[in-house]
Amino acid sequence: MTIVTRAAAFAFAASLCLMGGAVGSHAEDAFYLGKWKIADAKPAPWVLPSDQLDPSEPKGLIGKTIEINAGSIAGPGDFPCQKPEYQVIEGGPEMLFQGSFENMHADDPSQDMMKLAAQSGFTKDTHFRTVVTGCEYDVDMSFGADDNTARFALNNYIYTITRE
């Protein structure tokens, strides 16, 4: 094997390792399965003063239960889903809420993504896991270090859910 071939093989192997770290497992690491109560809602950091938020939406969801099973998701509103295709993605704050913090930082470099994560409730976290459901109304749930608390964004609110 030539030096160039070895270097190419090493680069390919390294890229596979990096991809494996960014896109995680499926339902076999099912730390997210179970019953979850919607505990809280706050306006998302990307909400502008001119944005009109519907205060009745969180009032209608707080206290409700979402049940996440391997083959389905049950819950209020748009949560019900048959045959979800779970994927766990790991990374930093740039990937939270479908890249919203990264977009904010790109628009205004003074926006610190870790501070935005802390404003959203991730006060002690630097590494995150997001569960993508693959459902029609894809509400992704993001976890920090605590597997018993997650957050999701919906209509410019950040909701906190806790394991029951």
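## Exercises on a nine-strand sheet

Helix H3 (residues 96-107) lies across strand E6 (128-132), strand E7 (141-143), strand E8 (149-154) and E9, and runs at about 70 degrees to E8. Axes here are lines fitted to C-alpha atoms, for helices over the stretch in contact, with angles from 0 to 180 degrees between N-to-C directions. Contact means heavy atoms within 4.5 Å. Helices (H or I, at least four residues) and strands (E, at least two) are DSSP runs, numbered from the N terminus.

Before you start: this is a predicted model, where local features need pLDDT of at least 70, side-chain atom pairs count only at pLDDT 80 or more, and totals for chains, interfaces and linings use all residues. Residues are numbered from 1 along each chain as its sequence is written, and side-chain values use heavy atoms, with hydrogens and water left out.

### Exercise 1: Trusting the model

Find the average pLDDT of the protein, and the stretch where pLDDT stays under 50.

*Step 1.* Recall that pLDDT is the predictor's confidence in each residue, from 0 to 100.

*Step 2.* The protein averages 83, and 82% of the residues score at least 70.

*Step 3.* Now look at residues 1-27: pLDDT stays under 50 there, and the model has 16 contacts beyond four places in sequence for this stretch.

### Exercise 2: Counting the parts

How many helices and strands does the protein have, and in what order do the elements run?

*Step 1.* Count them up: you should get 4 helices and 9 strands.

*Step 2.* Walk along from the N terminus and you'll read α-β-α-β-β-β-β-α-α-β-β-β-β.

*Step 3.* For the overall picture, check burial too: of the 164 residues, 35% are buried. Buried means under 20% relative accessible area, exposed over 50%, and partly exposed in between (1.4 Å probe, protein chains only).

*Step 4.* Take contacts between residues at least 6 apart in sequence: 60% of them join residues at least 24 apart.

### Exercise 3: Building the sheet

What is the strand order of the sheet, and which strands are at its edges?

*Step 1.* A quick reminder: strands of a sheet pair through backbone hydrogen bonds, either parallel or antiparallel. Two strands count as paired if DSSP finds at least two bridges between them.

*Step 2.* The 9 strands form an open sheet in the order E4-E3-E2-E1-E9-E8-E7-E6-E5, with antiparallel pairing. Its edge strands are E4 (81-82) and E5 (87-91), each pairing on one side only.

*Step 3.* Zoom in on E1 (residues 34-43). With E9 (residues 157-163), E1 pairs antiparallel over 7 bridges. Trp 36 has Arg 163 of E9 as its bridge partner, while Pro 43 stands opposite Tyr 157 in E9.

*Step 4.* E1 also pairs antiparallel with E2 (residues 65-68), over 4 bridges. Here Gly 34 is partnered by Ile 68 in E2.

### Exercise 4: Two hairpins

How many residues sit between the strands in the hairpin of E7 and E8, and how many in the hairpin of E8 and E9?

*Step 1.* E7 and E8 form a hairpin with 5 residues between them. These strands pair antiparallel over 2 bridges, and the bridge partner of Ser 142 is Arg 151 in E8.

*Step 2.* The hairpin of E8 and E9 has 2 residues between the strands, and Asn 155 takes a positive phi near 50 degrees there. E8 and E9 run antiparallel, joined by 6 bridges; Phe 152 has Tyr 159 of E9 as its bridge partner.

### Exercise 5: Charged pairs

Find the salt bridges and work out which parts of the protein each one ties together.

*Step 1.* Side chains of opposite charge can pair when their charged atoms come close. The cut-off for a salt bridge is a side-chain nitrogen of Lys or Arg within 4 Å of a carboxyl oxygen of Asp or Glu. The structure holds 2 of these.

*Step 2.* Glu 164 pairs with Lys 37, with the closest N and O atoms 3.8 Å apart. Since Glu 164 lies in the segment after E9 and Lys 37 in strand E1, this pair ties together parts 127 residues apart in sequence. Lys 37 is partly exposed, at 34% relative accessible area.

*Step 3.* Arg 129 pairs with Asp 147, with the closest N and O atoms 2.1 Å apart. Arg 129 is in strand E6 and Asp 147 in the loop between E7 and E8, so the parts tied together are 18 residues apart in sequence.

*Step 4.* Check burial: Arg 129 counts as buried at 17% relative accessibility, whereas Asp 147 is partly exposed at 29%.
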